[in-house]
Amino acid sequence: MQSVKNIVFVVLFIIALGLLRFRPWNRSISELNIDVVHEGSSKKARAELTVGYLPVTCHLTCPVTDFASKTTLSNTNFNSIVFTDFPTVASALQAKQIQATFMIVPLAMKLREEGVPIKICYLGHRDGSEIVVAKKSKAKSLRDLKGKKIAIPSHYSNQNLVIHKLMDDQGLKPDDINFIVLPPPDMPTALASGAIDGYFVGEPFCAKAELDGIGRVLYYARDIWPNFISCALVVHEDLIRNQPEIVKDLVRGIAQSGKWAETHRAEAAKLMASYNHQDQKVLNYVLTSSPQRVSYVQLTPTDKDLLEIEDMALKMGLSKKQVTMSGLIDRNFIPQVITDVPINIASLPDPK
């Protein structure tokens, strides 16, 4: 009877989180265009492009599109719109309400497999995700989480692929762990309440659990899958075909912003806190406690990187057929030389 009560509690908790997060009674996909988080700073631009992202450090270079607006070579104002979950990102991209976004790579592959005309033009990061368990948990390995509830951001996430790789390595069967999908911002709350036993997601939601004293890192993604990739910049082919100069301008701005973020980590934490209204202390911890926790170098997508991801997705049945790398990746917009650019942090408001 107690186990039934626990299951009911978890289900109700997740439903409540979903209702509070998405507010289905007053929000529809068609309203996304009014939720722009940051408008580009160019006042004389003749074109505009809104880029989607989630408030995770994997997407840090997206808020820095402000730099691309200030230094635009295509007379474009780059805006950014924040999402809380990847299914909504995919819906907005399919509906062409956005034509460029950061997205988990396996989901981009799945959309391409299903005929959505998109290309991966750049990566968002390397590493940057952890498996977190409750601070009081006695788990020392994934085997110790057999029968437990673990949250992931999407079934089509690299986190899902990597944790299943670790399950294979440790002799666990696919149904030995109960996986649930939660929006990343809701994971620390779910862990604190006992609704889940752990989660695997991008920062800063792992560091938040650590600093709040409710969780600890069990595994770093890089220890399971070296040079781990979660997200990439995905662009609709219509934009690539009709306005290639804007795509080139966007990729340039993001590439240079990543180069800057790698060597200006404390400043990048302040920038991200301002854009996302997140705790600067948490972001600073993520970006400065260890340079290997998340990195913004080697962001040109390679066939090898993505083939490894595709092979695991096929093995798990998430993908049904291979997509050609030439059909999936477009590296034509990446600058041959990526310079470290100056970004004026003093002009940003202090994070609230």
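## Exercises on cavities, core and strands

Helix α5 (residues 158-169) supplies the largest share of the lining of the second largest cavity, 3 residues. The model is predicted, with local features needing pLDDT of at least 70, side-chain atom pairs counting only at pLDDT 80 or more, and totals for chains, interfaces and linings using all residues. Residues are numbered from 1 along each chain as its sequence is written, and side-chain values use heavy atoms, with hydrogens and water left out.

**Exercise 1. Describe the second largest cavity and its lining.**

Step 1. A cavity is a set of points, on a 1 Å grid over the protein atoms alone, where a 1.4 Å probe fits but cannot get out; lining residues have an atom within 4 Å of a point.

Step 2. The volume is about 30 Å³, taken as the space filled by probe spheres set on the points, with grid points joined across faces, edges and corners.

Step 3. Asn158, Leu161, Val162, Trp225, Phe228, Ile229 and Ile309 form the lining.

Step 4. Sort these by class: Ala, Val, Leu, Ile, Met, Phe, Trp, Tyr, Cys and Pro count as nonpolar, Asp, Glu, Lys and Arg as charged, and the others, Gly among them, as polar. The result is 6 nonpolar, 1 polar and no charged residues.

**Exercise 2. Describe the largest cavity in the same terms.**

Step 1. The count is 2 cavities of 30 Å³ or more, and the largest holds about 60 Å³ of space.

Step 2. Its lining includes Leu54, Val56, Phe86, Gln159, Val201, Gly202 and Ser230.

Step 3. By class, this lining has 9 nonpolar, 3 polar and no charged residues.

**Exercise 3. Place strand β7 among its partners.**

Step 1. Strands (E, at least two residues) and helices (H or I, at least four) are DSSP runs, numbered from the N terminus. The protein has 14 helices and 13 strands.

Step 2. Two strands pair if DSSP finds at least two bridges between them. β7 and strand β10 (residues 198-202) run antiparallel, joined by 5 bridges; here isoleucine 131 has phenylalanine 200 as its bridge partner.

Step 3. β7 and strand β11 (residues 215-220) are also antiparallel and joined by 5 bridges, with arginine 216 as the bridge partner of valine 133.

Step 4. Of the 6 residues in β7 (residues 129-134), 5 are buried, buried meaning under 20% relative accessible area (1.4 Å probe, protein chains only).

**Exercise 4. Identify the largest nonpolar core and follow one of its members outward.**

Step 1. A nonpolar core is a set of buried Ala, Val, Leu, Ile, Met, Phe, Trp, Tyr and Cys residues joined through side-chain atoms within 4.5 Å.

Step 2. The largest such core has 112 residues, and Met103, Leu142, Tyr199, Leu233 and Leu306 have the most contacts inside it. Helix α10 (residues 244-263) gives the most to this core, with 8 residues.

Step 3. Contact means heavy atoms within 4.5 Å. Neighbours within four places in sequence aside, leucine 233 is in contact with residues including Val51, Phe102, Ile120, Tyr122, Leu250 and Ile254.

**Exercise 5. Is alanine 108 buried or exposed?**

Step 1. Alanine 108 lies in helix α4 (residues 105-113).

Step 2. Alanine 108 counts as buried because its relative accessibility is 0%.

Step 3. Not counting residues up to four places away in sequence, alanine 108 touches Met103, Ile118, Ile120, Val234 and Leu328.

Step 4. Its C-alpha atom is separated by 8.6 Å from that of tyrosine 156, 48 residues apart along the chain.

Methods. Buried means under 20% relative accessible area, exposed over 50%, partly exposed in between (1.4 Å probe, protein chains only). On a 1 Å grid over the protein atoms alone, a cavity is a set of points where a 1.4 Å probe fits but cannot get out, and a pocket is an open set with protein on both sides within 12 Å along at least five of seven lines; lining residues have an atom within 4 Å of a point.
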